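Welcome! Let us take a walk through this structure together, one part at a time.

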Amino acid sequence: MADFDQELDASGLNCPLPILRAKKTLNAMAGGQILHVIATDPGSVKDFDAFAKQTGNELMESKEDGGKFHFLIKKS
Amino acid sequence: MEQKKLAIIATKGSLDWAYPPFILASTAAALGYETQIFFTFYGLQLLKKKLSLEVTPLGNPGMPMPMGMDKWFPVLGMTLPGMQGMMTSMMKKKMQSKGVASVEELRELCQEAEVKLIACQMTVDLFDMETSEFIDGVDYAGAAAFFEFAGESDICLYI
């Protein structure tokens, strides 16, 4: 996994909390910075993809590892 | 690109039906939508400072019941005093264990994200409600005000 500037652990949270927490964290970050989100909600895979497409933030990586989902989002 | 708009009418005042308007509004706001929820009739319960929302299995054959309760307690059993309170607390526990946010939390997230919450003035008058019962930051308006926003919305939902 590439380097990141901030990490958000949304493990155990269900829809729509991982997205809402990610959005809030991104708001406080600078353009070009990278956020690493960890989630356990299987729905978050499609949701983060859709979030990135609709907000213009880039989803650089999306993968599952040991029952957890990892996302790298670059703030636009 | 012009900001997209979502208009929601929330008409129901039970615990289960409190979720769709707040989940969709908070998510839409996170996606950059300008969002309004117009609360009318029983939906006004969702704006009370102190929420006392319940869920009822009555008239709701689709509600999954824990421990096969639907087999042991046919419909009549669900009318027993205390049954609704019990189902409500079981539902809340289940939601908490699955990491589902509380209605209060989702409502706060909506307000933080500047979702506009509008109470139907007519319903407030009809049910002799006091505006002091409602959370701060609520606007009071009527159908015409709703259409001003809804008429320009990209998505309009009646819940």
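Which residues of chain A does UniProt mark with the feature "domain: UPF0033"? The UniProt record, an unreviewed entry, places that feature at residues 8-32 of chain A. Keep in mind as you look that this is a predicted model. Over residues 8-32 of chain A, the chain is 44% helix and 12% strand, and the C-alpha atoms at the two ends are 17 Å apart.

While you are in chain A, look for the link between C15(A) and P16(A). These two are joined by a cis peptide bond, with omega at about 0°. P16(A) sits in the loop that leads from strand 1 (6-10) to helix 1 (17-27) of chain A. Most peptide bonds are trans.

Now turn to chain B and its sheet. Here five strands form an open sheet with parallel pairing, in the order 4-3-2-1-5. Strand 4 (139-141) and strand 5 (155-158) of chain B are at the edges; each has a single partner strand, so one side of each has no neighbour in the sheet. From one strand to the next, the twist averages 20°.

Strand 2 (residues 34-39) of chain B is a good place to pause. With strand 3 (residues 116-120) of chain B it shares four bridges, and the two run parallel; I37(B), for instance, has L117(B) as its bridge partner in strand 3. Strand 1 of chain B is joined to strand 2 by six bridges, again in parallel, and here I9(B) has F38(B) as its bridge partner. Is strand 2 of chain B mostly buried or exposed? Five of its six residues are buried, so strand 2 of chain B is largely enclosed by the rest of the structure.

Next come the helices that lie across these strands. Helix 1 (residues 15-30) of chain B crosses strand 1 (5-10), strand 2 and strand 5 of chain B, and it runs at about 165° to strand 1. Helix 6 (residues 143-150) of chain B lies across strands 1, 2, 3, 4 and 5 of chain B, at about 150° to strand 1.

What fills the inside? In soluble globular proteins, nonpolar side chains tend to be buried together. The largest nonpolar core here has 48 residues, and I8(B), A25(B), I37(B) and F39(B) touch the most other members. Helix 1 of chain B supplies the largest share of this core, nine residues. Leaving aside residues up to four places away in sequence, I8(B) touches P21(B), L24(B), A25(B), I37(B), L157(B) and I159(B).

Helix 1 of chain B also appears where the two chains meet. Eleven residues of chain B are in contact with eleven residues of chain A, and helix 1 of chain B gives the most to chain B's side, with four residues. That side of chain B is made up of six nonpolar residues, four polar and one charged.

Finally, visit two loops of chain B. Most residues other than glycine have a negative phi. F41(B) is not a glycine, yet its phi is positive, about 45°; this residue is in the loop between strand 2 and helix 2 (69-72) of chain B. D128(B), also not a glycine, has a positive phi of about 50° and lies in the loop between helix 5 (121-126) and strand 4 of chain B. How do their surroundings look? F41(B) has 16 other C-beta atoms within 10 Å and is partly exposed, whereas D128(B), with 6 C-beta neighbours inside 10 Å, counts as exposed.

Conventions: Residues are numbered from 1 along each chain as its sequence is written. Chains are lettered from A and ligands numbered from 1 in the order in which they are written. This is a predicted model: local features need pLDDT of at least 70, side-chain atom pairs count only at pLDDT 80 or more; totals for chains, interfaces and linings use all residues. Two strands pair if DSSP finds at least two bridges between them. Axes are lines fitted to C-alpha atoms, for helices over the stretch in contact, and angles run from 0 to 180 degrees between N-to-C directions. Two residues are in contact if their C-beta atoms, placed from the backbone, lie within 7 Å. Ala, Val, Leu, Ile, Met, Phe, Trp, Tyr, Cys and Pro count as nonpolar, Asp, Glu, Lys and Arg as charged, and the others, Gly among them, as polar. A nonpolar core is a set of buried Ala, Val, Leu, Ile, Met, Phe, Trp, Tyr and Cys residues joined through C-beta atoms within 7 Å. A residue is buried if 20 or more other C-beta atoms lie within 10 Å of its own, exposed if 12 or fewer, and partly exposed in between; C-beta atoms are placed from the backbone. UniProt positions are given in the numbering used here, feature names are shortened, and annotations may be inferred rather than shown by experiment.
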